[in-house]
Structure formats: structure tokens, C-alpha cells
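Let's take a walk through this structure together, starting with the whole chain and ending at a single residue. Have a look at it before reading on.

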Amino acid sequence: MRSIAIFLLISGGGLGARAALPAQEPPAAQEPVKPSPPPVPETEQVQEPQPSPPQPVTQVSVAGSMEPAQVKELLHRVWLAEYRVNDLLTDLHPERWKLSPEADEDFNKLLEKLRNEMAALEQWRSQFENRVESAYLGFETYASLGAVLPELDSMARRISKNENSSLAAQYTQAGSQMFELQQALHPYLSLLLRVPDELLVATQNNLAKCQTDLGFAMRPSVEPATPMKNVLPRFKGRPRRPRAHPNASKAGSEGAAGDKPKP
């Protein structure tokens, strides 16, 4: 019994000692370490290309090219030459000349023709001045200048012979000025006529090339010609009657006449 009590006393003391020990807290649960994300590569910022500033247009000089203002200035000089000629015509005094009736009539015709040519020149010049891009009006103006020149030369020779050489020289000078203006107008007029002609030739060449290319492109799709059998044609028209022999018709008529009924 004593040994049992001692055992119980020792056991109880051990238990009490164990109970007296402070309770230890359980270790806190550690959170799992997350792997760090991989570094994001830096993207290069691509900037939109900025439109380059417009380059100055290089003017390509074409033979005969003129600005409308330059053409109008040239036509104004033609008008001044016309005014000079019309002013010179007022200084004529053919009634003082000693001319025969035939020569006087011939001079009057020359004077009237020159005035008509000058009026026609002014008509075409004014229209061309309003439409300097018209090749037709430019041609008529150029031709009218050419029509006035021989008349001025004839007038200068008549005046030099019948009046004085000083006035004749003024007519000659006016004619030379008009000739120079005509030659200055020629390159521009040639350009007006050349551009439509070159456009027409280019159009014709392009059309011929298109036709050739189309023919080569369609050649594989075109089926070859199929030979046909030689067959005897059948005519389904109205059958022709055999032509009667002329002797047979004559014999038939005589037989019909001979077979008269007996009385």
C-alpha cells in the first residue's frame, strides 16, 4: 500500500509539473513564397513618320511655254502695232499724186484690202486675247498677221514712189514690227498645236498595244476550228418543173387540133 501511494505521489507531482509549464504556441503557418514574375521587356516606342514638308516645285521649261499674262502682253503689243498702222493710213494723201485712172483704181483696191486685213486682224486678236489657250484663235491671229505684211510692203513701195521716202520708211518699220511679233507668237502657237497631236498619237499607240495584249491573252481560250464533213447539200426549196421540149408542145397542139369530133 505504501509503494502504491508513493507511486501515485510521484505520478501526481509529474503531472503537476507538466501542468505548470507554460503552454507553447504552435508555430505560425508560413505562407508559400510566390515566384516573382519575369521582368517585362521594355517595348520600343515607334513613332509615326511625320510627313515631309512639300518640296518646291521645279518648273520645267518647255520650248514655247508662256504664261497667260505673257501672251496677253504680246497681243497688246500687236494692238499697238495696229494702232500705229491705222494712224499712218490717216497721213496718206493719194489725191495729190499724179496717177493714171488705172493706177489710182489699183491703189484704192490696195488701200481697201489693207484696211480689211487690219480689221480682220483686230477681230481675231481680241478673241485670242480673251482665250489665250485656244489653238484655233491663235492660228487665225498668226495667219492674219501674215496677211497684213505683204500689203504693208506694197503700200510702202507706192508711197516711196509717189510721195516721200520718210513716210514709206515708217510703213516699212511697222511691217517689220508686226513680223517680229508674228515670229514671237509662233513658238507658243506651235506648243498649243503639238500637245493635242502628241496626245492623239499616244492614245492610238496605247489602243494598239491593248488590242495586241488582249489578243495574246485570249488566244489560249479560243477553241481551234473544227473541220466539217463534206456533205451533199439538200435543197428544200420548191421543186422545179421539167422544161417541156418545144417540138413536143408543137406536136401536142397539132394532135389536139386534128382530133376534132366528127359531126
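What follows goes from the overall fold to one helix and then to one loop residue.

Keep in mind that this is a predicted model. The protein chain has 6 helices and 0 strands, so if you read along the sequence, you meet the pattern α-α-α-α-α-α. Of the 263 residues in the chain, 20% are buried. The chain exposes about 22200 Å², with carbon and sulfur atoms supplying 58% of that. As for contacts with a separation of 6 or more, 78% of them link residues 24 or more positions apart.

Now zoom in on α3, which covers residues 101-130. Does its length add up, and what should we expect? With 30 residues at 1.5 Å each, α3 should span 44 Å, and its end C-alpha atoms do sit 44 Å apart, so the two agree. The buried residues of this helix include Phe107, Leu110, Leu111, Leu114, Met118 and Leu121. Further along, Trp124, Arg125 and Phe128 are buried too. It helps to know that an α-helix has 3.6 residues a turn, so residues three or four places apart point the same way.

Past the end of α3, in the loop that leads to α4 (135-162), you'll find serine 134. Is this serine 134 buried or exposed? Its relative accessible area is 8%, and because buried means under 20%, serine 134 counts as buried. Its side chain reaches the backbone nitrogen of leucine 137 at 3.2 Å. Setting aside neighbours within four places in sequence, serine 134 is in contact with Phe128 and Leu192. Phe128 should look familiar: it is one of the buried residues of α3.

Key
Residues numbered from 1 in each chain as written. Predicted model: local features only at pLDDT ≥ 70, side-chain atom pairs only at ≥ 80, totals over all residues. Heavy atoms only, no water. Helix = DSSP H or I, 4+ residues; strand = E, 2+ residues; numbered from the N terminus. Buried < 20%, exposed > 50% of the residue type's maximum accessible area, 1.4 Å probe, protein only. Polar contact = N/O pair within 3.5 Å; in protein donor to acceptor, adjacent residues only side chain to side chain. Contact = heavy atoms within 4.5 Å. Areas by Shrake-Rupley, 256 points an atom, 1.4 Å probe, with all protein chains shown as cover. Expected span 1.5 Å × (residues − 1).
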